[in-house]
Amino acid sequence: MQWISTISLWLIPIMIGFILIYGTLKKVPTYEVFVEGGKEGVKIAISIIPFLIGMLVAITVFRESGALEFFVGLIRPALLALGIPPEIVPLAIIRPISGTAALGMMSDIVAAYGPDSFIGRLASTLQGSTDTTLYVLTVYFGAVGIRKMGDALKVGLLADLVGIAAAIFIVTIMFG
């Protein structure tokens, strides 16, 4: 296992060195290109701040208003009939919106039920099988000025739904 630690320690510096040497051999002004990339990165970081604030406010309002708990209460009987723990629904709803909020919810679930419980395993698998679709669309598409994102939204949410279903199915088969 020591060799994995050694590789992980040296992999990024070696890659950066390789890129710099390759660029220099190809007569690319590597330092100037690096500085231009840094400037562009700072501009993008500043341009996404309003989108980040909007997403954070929306998530906070959704959670603190009680709307999330109300929705889970409405669908609780159907979930129990399907064998899906209702405790997992807030994570499934928040995950496409915010990875950080979802990670916090997953941590709370694991702390409450244990990492080896069915719900803990399901929460962990769900966290890894879906993406932050709405976050990506809002922040990154908004930052580059893409306004028509209907198809990307549909495909992203469908992929999240498939990921949620697959997580429930696989964890139920493996650990249910």
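**Reading a predicted helical model, step by step**

Analyst: Let us open with one residue: Lys27 is exposed, with a relative accessible area of 73%. Please keep in mind from the outset that the model is predicted.

User: Why does Lys27 count as exposed?

Analyst: A residue is called exposed when its relative accessible area is over 50%. Lys27 is therefore placed in that class, because its value is 73%.

User: Where is the place of Lys27, and what is its phi?

Analyst: Lys27 sits in the loop between helix H1 (2–25) and H2. Its phi is positive, about 65°, although Lys27 is not a glycine. A positive phi is also found at Gly145, which follows H8 and has a value near 85°.

User: Before I go further, what is the mean pLDDT of the protein chain?

Analyst: The general idea is one of caution: where pLDDT is low, the predicted coordinates should not be read in detail. In this case, the chain has a mean pLDDT of 88, and 100% of its residues reach 70 or more.

User: Where is confidence lowest, and where is it highest?

Analyst: Confidence is lowest in helix H8 (residues 133–143), with a mean of 80, and highest in H7, with a mean of 94.

User: Which residues of H8 are buried, and what covers them?

Analyst: A residue counts as buried when its relative accessible area is under 20%. In H8, the buried residues are Thr133, Leu137, Val139 and Gly142. H3 and H9 are among the elements that cover them.

User: Which residues does the UniProt annotation "transmembrane region" cover?

Analyst: The UniProt record, an unreviewed entry, gives this annotation to residues 7–24, 44–62 and 155–175. One may then set such a span beside the coordinates. Residues 7–24 are 100% helix and 0% strand, with end C-alpha atoms 25 Å apart. Residues 44–62 are 95% helix and 0% strand, and their end C-alpha atoms lie 27 Å apart.

User: Where does UniProt place the feature "domain: Nucleoside transporter/FeoB GTPase Gate"?

Analyst: That unreviewed entry places the feature at residues 46–146. In the model this span is 77% helix and 0% strand, and its end C-alpha atoms are separated by 17 Å.

User: Which residues touch the most other members of the largest nonpolar core?

Analyst: As a general tendency in soluble globular proteins, nonpolar side chains are buried together. Here the largest nonpolar core has 26 residues, and those touching the most other members are Ile88, Leu91, Ile94, Ile109, Leu122, Ala123 and Leu126. Two or more residues come from each of helix H3 (49–64), helix H4 (67–82), helix H5 (89–94), helix H6 (99–113), helix H7 (118–129) and helix H9 (150–175). H6 gives the most, with six residues.

User: Which residues does Ile94 touch?

Analyst: When residues up to four places away in sequence are not counted, Ile94 touches Phe62, Arg63, Leu68, Ala101, Ala102 and Met105. Ala101, in turn, lies in helix H6 and is in contact with Ile59 and Ile94, leaving aside neighbours within four places in sequence.

User: Is Ala101 buried or exposed?

Analyst: Ala101 counts as buried because its relative accessibility is 14%, and the limit for that class is under 20%. Thr60, found in helix H3, is partly exposed, with a relative accessible area of 44%. Thr60 and Ala101 are 41 residues apart in sequence, with C-alpha atoms 9.4 Å apart in space.

User: At what angle do H7 and H9 pack?

Analyst: Their angle is about 145°, and their axes are 9 Å apart. The crossing is right-handed.

User: Which residues in H7 and in H9 meet?

Analyst: From H7, the residues are Phe118, Arg121, Leu122, Thr125, Leu126 and Ser129; they meet Gly163, Ile164, Ala167, Ile168, Val171, Thr172 and Phe175 in H9.

User: Where does Gly176 lie, and what does it touch?

Analyst: Gly176 lies in the segment after H9. Residues up to four places away in sequence aside, Gly176 touches Phe118 and Val171. Gly176 is nevertheless exposed, with a relative accessible area of 79%.

Methods. Residues are numbered from 1 along each chain as its sequence is written. Side-chain values use heavy atoms; hydrogens and water are left out. UniProt positions are given in the numbering used here, feature names are shortened, and annotations may be inferred rather than shown by experiment. Helices (H or I, at least four residues) and strands (E, at least two) are DSSP runs, numbered from the N terminus. A nonpolar core is a set of buried Ala, Val, Leu, Ile, Met, Phe, Trp, Tyr and Cys residues joined through side-chain atoms within 4.5 Å. Buried means under 20% relative accessible area, exposed over 50%, partly exposed in between (1.4 Å probe, protein chains only). Contact means heavy atoms within 4.5 Å. pLDDT is the predictor's confidence in each residue, from 0 to 100. Axes are lines fitted to C-alpha atoms, for helices over the stretch in contact, and angles run from 0 to 180 degrees between N-to-C directions. A crossing is left-handed if the near helix is turned anticlockwise from the far one by less than a right angle, and right-handed if clockwise.
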